[in-house]
Amino acid sequence: MARSRLRLTKVARAEERAAWLFLAPSLVLFAIFTAIPVISAFFISFTQWNLFNEVTWVGIGNYLALAKDEIFAKVLGNTAYFVLISVPVQIALALACALVLNRGIKGQTFFRVIYFLPVVTSTIAAALVWAWLFNSNFGLINAALSLVGVTDLPKWMGSTRWAMPAIIIVSIWQNLGYAMVLFLAGLQNIGKDVHDAAALDGATGWDRFWHITLPLLSPTTFFVLVISIIGSFQVFELVLVMTKAGPANATNTLVYYIYQNGFQFYQMGYASAAAMVLFLIVLAFTLVQYKLQRRWVHYG
Amino acid sequence: MGKTATDWVLFVVLLVGALLMSGPFVWMIATSFKPAADVFQFPPTLFTADPQVENYLRIFTTIPFGRAMANSLVVSVLVTLLQLITCSMAAYAFACLRFRGREVLFLIYLAALMVPSQVTLIPNFILIKTLGWIDTYQGLILPYAFSSFGTFLLRQYLKSIPAELLEAARIDGASHAQIYLTIVLPLAKPALGALAIFTFVAQWNNFLWPLITTTKPDMQVAIVALATLQGQYNTDWPLLMTGSVIAIVPVLLVFVFGNRAFIAGLTTGAFGGR
């Protein structure tokens, strides 16, 4: 008895040692490139540093400056505008596409691939072609608009009013397919028998959608919502290529502002403070959604 | 309206949608063949009367775009290989081995998924700069050699391997390294394939990190070279579109051949978690 227990602990200890050996590469990389940087970013946000001079500790000075920074207020507003429009539209369109592409319509595999192509395309390349499409003098979009009789053609990226909508359109175009694929996978998890039973009970298509499909799909919707919100708060490449935050900061967003301060003005402390604000916003949104999910997400 | 009639209407709607989704690609390809002067016609035409195949040569002579494509390939392939190794090793420990602190460590790895990459950007940049790794392959590759996402994806998959199978191998005297190499990795091929395609595509399209850690044109990856090209030739739309076409072809190829595996990888996050 005593001998076998001794043997067991020996095996368990060998297993433990093996586990840490298998974890070693990931632990080292995780510590160097994720864990320590997250902590450092927190500390850097309390300093003033341009990479060349001495590091100065400024306490919450950067955060106070952010609170008073008029451009930063505008940046937050722009980012909120972008998230509030692009996320709901994208989710609604993606759900509609998924529902239609789940009916067994002919050519549905082809459609799924086409709708998904923008997801795997580099955002820089996508933004370039869209910048060309939105070009207010020679672009295809304004050509099409004037063809259908629009005389007051929008200046798109050159106008404070239309620049953000242009970026939102491209973002929806690019991310729609991702949400659609997640919805399709979610729909396939709902058994056909549930629908058949409801149809036998006399439920119409709309009834089934509202009372069966939507509730059963809610875990997927929840996941799509969380992922889309986190992703939209980080919009950057579209801004960089299409507008460079202009005109007059009309399209300056959180990540673009972090990039500007950190890598164009070399204000590492200030940029880190802005990054911390981004982190807190994303965290708050995610936590609130986890709290709220009990009210509308049904796990089968 | 009967089911077939509804389906016909929806088919037409889908077709219009497909036109909107694929239109920018068609426009990109069409523009890439245009002579520089052609693009300033209004209204624009889709096809040019004078297709310029030499645009596809011009891009390689205007900037070191061939080198940039090679850099992208080297970085993306190496990052993918490294992640397959480090993530599968960690996933094996989390899914198949017992050790103290397993749940806590796994939670820490998962929590990292919530941290926006821009938070670690500045400290990592300072680190790479201090090490003198600006304009080096190690600077481009090593920060991406491990990912929490990959570990999570593989662990969910490895959990489905029956414990009896591994136990039997252990009783037969196989070491953990042997079990990992000869049983676990071969069984995990579908998940490894999904992770490989996902990582390759994400890395090829990665932009901000290579943008700030490279200064020499020779060390730029294709996507960064493309963005730089925009700064230098911002009205040469045929050239910009040529670069875009070339830069997205490798990813489209990988996607077309690995479509199923890629989507399996994307959806695991949504459905493997419970």
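In what order do the elements of chain A run from the N terminus on? Reading along, you get α-β-β-α-α-α-α-α-α-α-α-α-α-α. That pattern holds twelve helices and two strands. Keep in mind while you look around that this is a predicted model.

**The two chains**

Chain B is built from helices without strands: there are 13 helices and zero strands. Its pattern along the sequence is α-α-α-α-α-α-α-α-α-α-α-α-α. Here is how the two chains stand in overall dimensions, with the radius of gyration beside the figure for a compact globule with the given number of residues.

| Chain | Residues in the globule | Radius of gyration | Compact globule | C-alpha extent along principal axes |
|---|---|---|---|---|
| Chain A | 300 residues | 25 Å | near 19 Å | roughly 90 × 75 × 35 Å |
| Chain B | 274 residues | 23 Å | near 19 Å | about 75 × 70 × 30 Å |

So how do the partners meet? On the chain A side, 67 residues are in contact with 66 residues of chain B. Helix α1 of chain A, residues 2-44, gives the largest share of that side, with 19 residues. Sorted by class, the side of chain A that touches chain B has 52 nonpolar residues, along with eleven polar and four charged ones.

**Domains of chain A**

Which stretches does the domain assignment pick out in chain A? Domain 1 covers 2-44, and domain 2 covers 68-296. Taken over C-alpha atoms, the centres of these two domains of chain A are 39 Å apart. The range 2-44 will look familiar, as helix α1 of chain A has residues 2-44 too.

**Helix α3 and two of its neighbours**

Helix α3 of chain A, residues 70-100, is a good one to click on next. It packs with helix α9 of chain A, residues 205-233, at an angle of about 145°, and the two axes are 9 Å apart. The crossing of α3(A) past α9(A) is right-handed. If you want to show side chains, the α3(A) part of this contact consists of A:Thr79, A:Phe82, A:Val83, A:Ser86, A:Val87, A:Gln90 and A:Ile91. Across from them, α9(A) brings in A:Val224, A:Leu225, A:Ser228, A:Ile229, A:Ser232 and A:Phe233. That contact comes out as eight nonpolar residues and five polar, with no charged ones.

Now turn to helix α7 of chain A, residues 163-189. What angle does α3(A) make with α7(A)? The angle is about 40°, with axes 7 Å apart. Angles under 35 degrees would count as roughly parallel, so α3(A) and α7(A) are oblique to each other. Here too, α3(A) passes its partner α7(A) in a right-handed crossing. The contact of α3(A) with α7(A) has 20 nonpolar and five polar residues, and no charged ones.

**Two backbone details in loops**

Most residues other than glycine have a negative phi, and most peptide bonds are trans. Chain A has a couple of spots to check with that in mind.

Where does A:Leu51 sit? Look in the loop between β1 (47-48) and β2 (56-57) of chain A. A:Leu51 is not a glycine, yet its phi is positive, at about 80°.

The other spot is the peptide bond from A:Gly246 to A:Pro247, which is cis, with omega near -15°. You'll find A:Pro247 in the loop between α10 (237-242) and α11 (254-264) of chain A.

Notes
Residues are numbered from 1 along each chain as its sequence is written. Chains are lettered from A and ligands numbered from 1 in the order in which they are written. Two residues are in contact if their C-beta atoms, placed from the backbone, lie within 7 Å. Helices (H or I, at least four residues) and strands (E, at least two) are DSSP runs, numbered from the N terminus. Ala, Val, Leu, Ile, Met, Phe, Trp, Tyr, Cys and Pro count as nonpolar, Asp, Glu, Lys and Arg as charged, and the others, Gly among them, as polar. Domain bounds come from an automatic or database domain assignment. Axes are lines fitted to C-alpha atoms, for helices over the stretch in contact, and angles run from 0 to 180 degrees between N-to-C directions. A crossing is left-handed if the near helix is turned anticlockwise from the far one by less than a right angle, and right-handed if clockwise. Angles under 35 degrees count as roughly parallel, over 145 as roughly antiparallel, 65 to 115 as roughly perpendicular and the rest as oblique. The radius of gyration is taken over C-alpha atoms; the globule rule is 2.2 Å times the number of residues to the power 0.38.
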